[in-house]
Amino acid sequence: MTTCPTRSLLSRVLRRWTARLSLLVLTLGVLCAAAPDLIAPLDPYEQDLFKRLLPPRWSEGGDPMHLFGTDHLGRDLLSRIVHGARITLSVAIFAVLGAGLVGITAGLAAGYFGGLFDSLAMRLADVQLAFPVVLLVIVVAAVVGPSTLNLVVILALSGWPRFARIVRGSVLTVRELDYVEAGRAAGSGHLKLILLHILPNVASPIIVYASFELARMILLEATMSFLGLGVQPPTPTWGGMINDGRGYLHLSLTVSLLPGAAIALTILACNLLGDDLRDALDPRMDVDMR
Amino acid sequence: MIPFLVRRLIGAVPVLFGVAVATFFLVRLSGDPTDMILPPTTPEDVRLEFRARYGLDRPLWEQFFFWLGHLLRGDFGDSIRFGQPAGELVWERAGATLELALATLVIALAVGVPAGVAAARARGTVGDAILRVMTLLGQAVPSFYLGVVGIAVFAIWLRWLPSGGRDGIENLVLPATTLAVYFFAIVARVTRSCMLDVLNQDYIRTARAKGLPESAVVWVHALRNALLPVITVVGLQTGFLLGGVVVTETVFSWPGVGRLAIQAIYARDFPVVQAVVVIFAACFVAVNLIVDVLYALLDPRIRLR
Amino acid sequence: MRITRRTALTAVAGLTALPLDARGQSVPRARTLIIAQTFDPSTLWANGTTASDNVNVGACINESLFYVNAATNRTEPLLATELVQENDTRWLIKLRPDVKFTNGEAMDSDAVVHSIRIFADSRLTPAYASYAAPVEGAEKVDALTIRLVTKYPSPTVLLMLSQIYVIPPRYWADVGVNGFGQRPIGTGPFRLTEWQRDNRVVLDRNPDYWGPRPDGFDRVVWRPVPDENARAAGLETGEFDIAASLSVPAAQRLERARNLKILESPSYRVFHLTLSSLSIHPGPIQDRRVRLAMNHAIDKQAIIRNLFAGKARALNGQVLRREQQGFDPSLQDYVFDLARARALLAEAGFPNGFETVLKTPSGRFPQDREVAEACVGMLARVGIRCRLETLESGEYLRQLRTRELAPVALIGLAPPDDPDFQVGQYRSDWRYSYVQSAEFDRLIDVARREMNPEARAGYYRELMRAMHAEVPLVWLYQGVDLHGTAARVSGFAPRGDGRLPLYGVKMAART
């Protein structure tokens with residue numbers, strides 16, 4: 001039998017102020033991603049070639065219409081950052097979901113059934129982990145072409161091995177526990193055993209790891225956008241904005257600085273949340289999961 | 001020990017093979033390199049001749065076996081862009097990348113380990129909190145962003161450091177420091193938590209009771225045991241280091257293997273891309289092996305497995 | 001991996017790059033000219049590729065028969081002294097006497113005949129195949145004279161001869177094309193000292209050079225610096241003496257620096273939006289009025305003023321540049337007129353506009369994506385809603401080659417500096433031509449064979465008028481290359497094709 005750990009987990013986590021702050025930041029991010037038109041003050045695509053590279057409103061030379069200033073084509077920075085959240089967060093979240101789905105399934109099966117399947121799956125994971133991730137993503141992006149869907153698939157594919165590894169490790173520990181033996185003795189089928197008994201007990205490391213993996217995916221997406229291999233312009237992406245701003249650093253620092261701050265803030269929130277989740281769930285969990 | 005090593009080495013072979021095969025097919029799907037090399041005004045028959053010379057017009061399976069045969073003899077083929085053997089091109093730049101990677105590790109360890117130890121000793125104080133914030137930020141800020149800002153501040157505005165290239169020590173400072181920030185954060189964090197664990201152990205209390213000076217207790221006895229996980233983490237993070245090197249070399253125009261790889265990918269120079277990926281994977285596997293060996297040497301329980 | 005002694009040595013050499021310029025101490029910095037360009041050469045053989053970054057370095061070592069001097073806008077003798085036309089297809093080339101390669105071989109008819117043979121061999125020199133197309137062969141007449149035979153009358157012979165770099169035949173036979181590309185030997189003012197891949201190419205003065213000694217410097221170092229901001233920054237800090245291909249914002253900033261000079265050189269590169277009127281791309285763009293409306297809808301002056309700070313030139317409704325023979329000064333581009341554009345669209349049956357796709361490369365040309373984004377914005381104002389498709393360089397070039405860059409695409413090509421190469425892209429059977437016009441074809445063909453320069457120019461002017469009327473594209477702008485030099489460098493004359501010849505460059509002593 002298993003208790004529902006969610007409610008008590010949530011209350012334990014929310015006791016910490018860092019967790020509250022992180023959740024706030026992430027919720028803000030998700031809101032921006034879900035309904036950017038409601039939050040952003042202006043159209044992120046509208047150009048005004050006479051109002052390029054304006055500083056923030058409170059600076060000298062700022063424009064009251066543009067709180068954070070404008071980019072090199074006169075587009076409002078704040079609106080672009082809000083819309084940029086959509087790409088970055090949706091790609092990262094779907095990539096983690098995809099990686100998780102594949103990884104958890106593979107890890108569960110490998111840990112539970114063992115044998116040939118285990119060896120094969122782990123070999124495959126080894127091969128993929130040996131690939132330098134950034135190069136792998138660049139090569140594949142160059143092959144299939146840059147687009148949102150391709151990016152999600154590539155990032156998900158790059159993330160499944162680590163999920164699988166962690167899940168498998170946990171399954172191996174849990175597999176021998178008493179009540180699992182009891183369940184087996186009572187004649188429960190494999191699927192039922194896995195879903196009802198094993199999965200809830202490996203949930204803790206999965207949740208913690210997912211949080212860190214989200215941070216990693218955000219970083220990867222930003223890197224790809226920075227290199228020009230992510231979602232294509234004129235769709236705003238945080239990494240792409242940093243790259244665009246590089247040529248104009250002496251004229252406007254904010255064009256590159258602000259999207260970078262957004263990336264750092266979001267990654268920070270994910271990491272802090274992961275730390276707090278881990279402390280709430282099981283402080284002795286493997287420290288170097290990140 | 002030896003059978004352990006041999007077993008791991010044998011296990012590494014199919015991994016590398018898998019990587020090589022996957023890269024072969026992936027890059028070939030990215031398109032035709034002739035467009036990148038010959039000007040658009042080139043007559044069609046000349047273009048087809050060029051393709052034939054590199055075997056690009058053969059069926060994929062034929063190309064694969066041809067390539068496999070050469071790979072087993074240690075020959076990565078000739079670069080389509082340069083005409084030189086791909087392996088040689090990687091060798092030429094390996095020194096630069098190694099320099100960057102080593103400098104990064106040295107900085108990260110030299111600053112991170114003492115910082116972690118100090119934080120562990122000063123647990124709960126303001127200093128500890130500051131370090132925690134720094135490590136959190138260090139892991140959150142993308143290294144390419146740091147690089148762009150670093151160039152803007154130190155190279156363009158202050159003019160203290162050059163903005164790229166590789167001549168003397170001053171060129172190494174900015175790229176290595178940029179990349180080291182992330183590792184410093186990890187090293188400091190892991191060192192701190194491992195030191196905290198170790199400092200609570202019985203044998204530390206015994207050493208203190210024996211009257212040993214505190215600095216000896218910390219730096220000699222405790223650190224030696226705390227270093228093990230640090231080494232493991234560093235080894236595990238090699239994959240990230242290789243990836244970080246690629247982006248950093250691009251931002252700083254550092255003439256290393258990473259930059260060669262990116263140029264080759266864009267130019268569809270298949271032999272070079274294949275060579276770089278396989279070599280990177282081999283390095284990754286090698287580092288993991290070294291970490292495993294070190295682990296086994298330091299922790300006898302593992303050796304016996 | 002096969003580890004030869006050479007690879008081991010190069011690996012060690014790569015590791016030891018860190019000690020400061022141990023080999024470089026013999027030439028002081030004050031007498032070293034350091035030039036930053038975009039890419040590292042892939043070969044030092046000037047005829048290895050047409051990429052200017054490659055040829056710039058290789059041309060310091062090997063020299064061509066003739067040389068197009070951007071400062072005087074004339075083709076001048078270099079290793080050849082005279083070109084005499086015998087008849088429509090036979091030319092005599094007289095060579096400069098007493099010139100030697102740095103390995104002692106003589107630069108004479110044998111060497112030049114050999115070089116022409118290599119140049120015309122499309123297996124060895126595929127990149128120059130379009131230049132070499134008319135060549136039938138070359139034969140030695142005497143020690144300093146050769147005869148060039150072409151397959152058909154070709155008015156571009158002089159241009160071609162300025163692209164042939166003369167190589168030493170015995171050395172070439174010894175090392176082959178790849179070996180030569182890594183260690184070339186030539187007759188030029190400099191010879192190769194060291195090539196650290198992706199970092200620097202070091203050339204030292206050739207003490208036996210036949211021509212004038214470089215004024216003020218004994219060593220040239222070419223640095224590949226892909227990031228344009230880094231090139232600009234290096235120029236400011238004195239790291240570089242010359243920085244090629246600066247971006248507009250960088251040039252604007254550096255213009256105000258007292259110890260720097262910014263040079264504007266009109267590029268051979270012409271930018272336009274290609275509008276496919278081919279039958280395989282059906283759609284509203286097939287209608288001439290729609291194409292005309294698009295020309296009226298885009299404010300080209302605003303693009304030039306705002307995106308390039310005025311550092312680009314308007315195209316007077318033609319694809320030939322002001323400096324070229326065949327440019328018709330009486331033609332003007334279609335003016336920016338939104339009302340007219342809307343009226344034309346309504347007349348053509350699209351009062352509410354239509355949807356289409358605009359393809360652009362990203363990062364292939366300066367600010368290419370920004371220009372495309374600006375055009376999308378402007379076209380939207382008259383109802384033409386474009387989906388912007390950004391293509392990676394390789395894909396862009398592939399689609400160019402296969403006529404997939406349709407219905408609308410940003411194209412900025414810089415063909416060789418002769419009207420035939422420029423307009424030949426619009427001949428109906430050309431690989432990436434998006435127009436099919438019997439009239440264009442006729443004029444292109446007849447001008448191609450016309451040996452009389454005046455008559456030739458007349459045909460091209462007629463062609464420009466025909467194109468202007470037919471509106472096969474949206475003329476945008478002619479690029480301007482921006483290069484920066486330190487104040488003590490003078491006589492630098494960059495060419496519109498990105499070539500940076502060092503002939504006539506002077507460097508004053510450091511103050």
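In this predicted model, the contact between chains C and B involves 47 residues of chain C and 44 residues of chain B. Several helices of chain C pitch in: H1 (5-15), H4 (129-132), H6 (169-182), H7 (228-237) and H13 (393-401) each bring at least two residues to the side that touches chain B. Of these, H13(C) gives the most, with seven residues. Sorted by class, this side of chain C comes out as 20 nonpolar, 15 polar and twelve charged residues.

Some of that contact calls for a look at the confidence values. Chain C as a whole averages a pLDDT of 88, and 95% of its residues score at least 70. Residues 1-7 of chain C, though, have a pLDDT below 50, and this stretch makes eight contacts in the model beyond near neighbours in sequence. A second stretch, residues 12-24 of chain C, also stays under 50 in pLDDT. For residues 12-24 of chain C, the model has 16 contacts beyond four places in sequence. Helix H1 of chain C spans residues 5-15 and is among the helices on the side touching chain B. For the complex, the predictor gives an ipTM of 0.80 and a pTM of 0.81.

Chain B also meets chain A. Here 34 residues come from chain A and 39 residues from chain B. On the chain A side, the elements giving two or more residues are helices H5 (115-130), H6 (133-144), H9 (190-227) and H11 (254-281). The class count for this side of chain A is 24 nonpolar, five polar and five charged residues.

Then there is the matter of what sits inside. The largest nonpolar core runs to 322 residues, and the residues with the most contacts inside it are A:Val137 and B:Val276. Leaving aside residues up to four places away in sequence, B:Val276 touches B:Val90, B:Val257, B:Leu260, B:Ala261 and B:Ala264. As a general point, nonpolar side chains in soluble globular proteins tend to be buried together.

Within chain B, one helix pair can be described in some detail. Helix H5 (residues 86-121) of chain B packs against helix H8 (residues 169-199) of chain B at an angle of about 35°, and their axes are 6 Å apart. The crossing of H5(B) past H8(B) is right-handed. By class, the contact of H5(B) with H8(B) is made up of 24 nonpolar, five polar and three charged residues.

Terms used
Residues are numbered from 1 along each chain as its sequence is written. Chains are lettered from A and ligands numbered from 1 in the order in which they are written. This is a predicted model: local features need pLDDT of at least 70, side-chain atom pairs count only at pLDDT 80 or more; totals for chains, interfaces and linings use all residues. pLDDT is the predictor's confidence in each residue, from 0 to 100. Two residues are in contact if their C-beta atoms, placed from the backbone, lie within 7 Å. Helices (H or I, at least four residues) and strands (E, at least two) are DSSP runs, numbered from the N terminus. Ala, Val, Leu, Ile, Met, Phe, Trp, Tyr, Cys and Pro count as nonpolar, Asp, Glu, Lys and Arg as charged, and the others, Gly among them, as polar. A nonpolar core is a set of buried Ala, Val, Leu, Ile, Met, Phe, Trp, Tyr and Cys residues joined through C-beta atoms within 7 Å. A residue is buried if 20 or more other C-beta atoms lie within 10 Å of its own, exposed if 12 or fewer, and partly exposed in between; C-beta atoms are placed from the backbone. Axes are lines fitted to C-alpha atoms, for helices over the stretch in contact, and angles run from 0 to 180 degrees between N-to-C directions. A crossing is left-handed if the near helix is turned anticlockwise from the far one by less than a right angle, and right-handed if clockwise.
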